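Please examine the sequence and the structure shown below before reading on. The paragraphs that follow lead through them step by step.

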Amino acid sequence: MSTQFRIAIGLLLVALFAGLGTYLGWWSLFTSVGPFVLGHWFGIVAAAYLLVAVPAYACLKRRTSVSRGRLLQFHVFGNLLVFILIVAHFAQQMARPAEFAPSWGTGLAGFILFLVVVAAGLSLRFGLIPAWRRTWRLIHVGGSLIILIVIGIHALENFGLF
């Protein structure tokens with residue numbers, strides 16, 4: 001078992017802990033920081049990162065002399081750190097009182113899609129079920145493109161612009 005695989009599993013466990021802790025009320029992300037609560041800032045930072053880093057990675061891996069291994073590490077671990085923020089953001093939304101429950105829409109769709117893309121990405125990176133490599137690649141690349149679109153629609157909806 002490689003060190004990178006152990007780190008990736010560790011980050012997934014941190015995401016699980018962040019989601020459970022937020023949902024169960026062990027801590028609150030409802031603290032206001034400027035115009036938004038902390039949980040919303042987690043989502044905003046994660047979305048901004050993804051909207052910049054995913055297309056940048058796709059371009060740089062084809063058009064630069066930077067080590068592809070380093071780029072891949074940046075891509076995998078950067079996106080896993082963002083995954084922690086998204087899990088906490090989603091858990092915060094799901095933990096809201098019933099009278100303030102979020103609508104089931106692009107947030108839920110985006111979260112489920114992100115789970116699938118992360119699973120496919122980890123399967124690709126670490127060679128899990130190698131017979132499905134072409135399927136994992138299709139899911140990972142296609143799902144990543146769809147996530148960027150869903151993030152845009154989700155942000156527009158929640159800022160009241162769509």
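In which helix is His40 found? His40 belongs to helix α2. The structure in view is a predicted model, and the positions described here should be read as such. His40 has a relative accessible area of 29%; because the partly exposed class lies between the limits of 20% and 50%, His40 is counted as partly exposed. Phe30 stands ten residues from His40 along the chain, and the C-alpha atoms of the two are separated by 8.6 Å.

Helix α2 also holds Ile44. With a relative accessibility of 27%, Ile44 is likewise partly exposed. Its partner in the next comparison is Leu85: the two residues are 41 residues apart in sequence, and their C-alpha atoms lie 9.4 Å apart in space.

The path now turns to helix α1, which covers residues 3-23. Ala8 is part of helix α1. Is Ala8 buried or exposed? Its relative accessibility is 1%, and since buried means under 20%, Ala8 counts as buried. Tyr23, which also lies in helix α1, reaches 48% relative accessibility and therefore counts as partly exposed. Tyr23 is one of the residues of a nonpolar patch on the surface, with an area of about 940 Å². The patch is made by Ile9, Leu13, Leu16, Phe17, Leu20, Tyr23, Leu24, Trp26 and Trp27. A general property of helices is useful when viewing such a list: an α-helix has 3.6 residues a turn, so residues three or four places apart point the same way.

A second surface patch is one of charge. Which residues gather in the patch of positive charge? They are Arg62, Arg63, Arg68, Arg133 and Arg137. Helix α2, which runs over residues 38-63, supplies at least two residues of this patch, and so does helix α5, at residues 133-158. Arg68 lies in helix α3, which comprises residues 68-94. The relative accessible area of Arg68 is 56%; because exposed means over 50%, Arg68 is classed as exposed. Arg68 can also be compared with the buried Ala8: these residues are 60 residues apart along the chain, and 18 Å separates their C-alpha atoms.

Helix α4 offers a simple check of geometry. It contains 21 residues, numbered 106-126, and at 1.5 Å a residue it should span 30 Å. The C-alpha atoms at its ends are 29 Å apart, which agrees with this expectation. Just after α4 comes Gly127, with a positive phi of about 65°.

The loop between α4 and α5 contains Ile129. Ile129 takes a positive phi of about 50°, although this residue is not a glycine. The relative accessible area of Ile129 is 46%, and this residue is therefore partly exposed. Trp132 is found in the loop between α4 and α5 as well, and its relative accessible area of 45% makes Trp132 partly exposed. How far apart in space are Trp132 and Gly34? From C-alpha to C-alpha the distance is 46 Å, while in sequence Trp132 and Gly34 are 98 residues apart.

How values were computed:
Residues are numbered from 1 along each chain as its sequence is written. This is a predicted model: local features need pLDDT of at least 70, side-chain atom pairs count only at pLDDT 80 or more; totals for chains, interfaces and linings use all residues. Side-chain values use heavy atoms; hydrogens and water are left out. Patches are made of residues with over 30% relative accessible area and no salt bridge: like charges are joined within 9 Å, nonpolar side chains (Val, Leu, Ile, Met, Phe, Trp, Tyr) within 5 Å. Accessible areas come from the Shrake-Rupley method with a 1.4 Å probe; for residues, only the protein chains shown count as cover. A salt bridge is a side-chain nitrogen of Lys or Arg within 4 Å of a carboxyl oxygen of Asp or Glu. Lys and Arg count as positive and Asp and Glu as negative; His and the chain ends are not counted. The place of a charge is taken as NZ of Lys, CZ of Arg, CG of Asp or CD of Glu. Helices (H or I, at least four residues) and strands (E, at least two) are DSSP runs, numbered from the N terminus. Buried means under 20% relative accessible area, exposed over 50%, partly exposed in between (1.4 Å probe, protein chains only). The expected span of a helix is 1.5 Å times one less than its number of residues.
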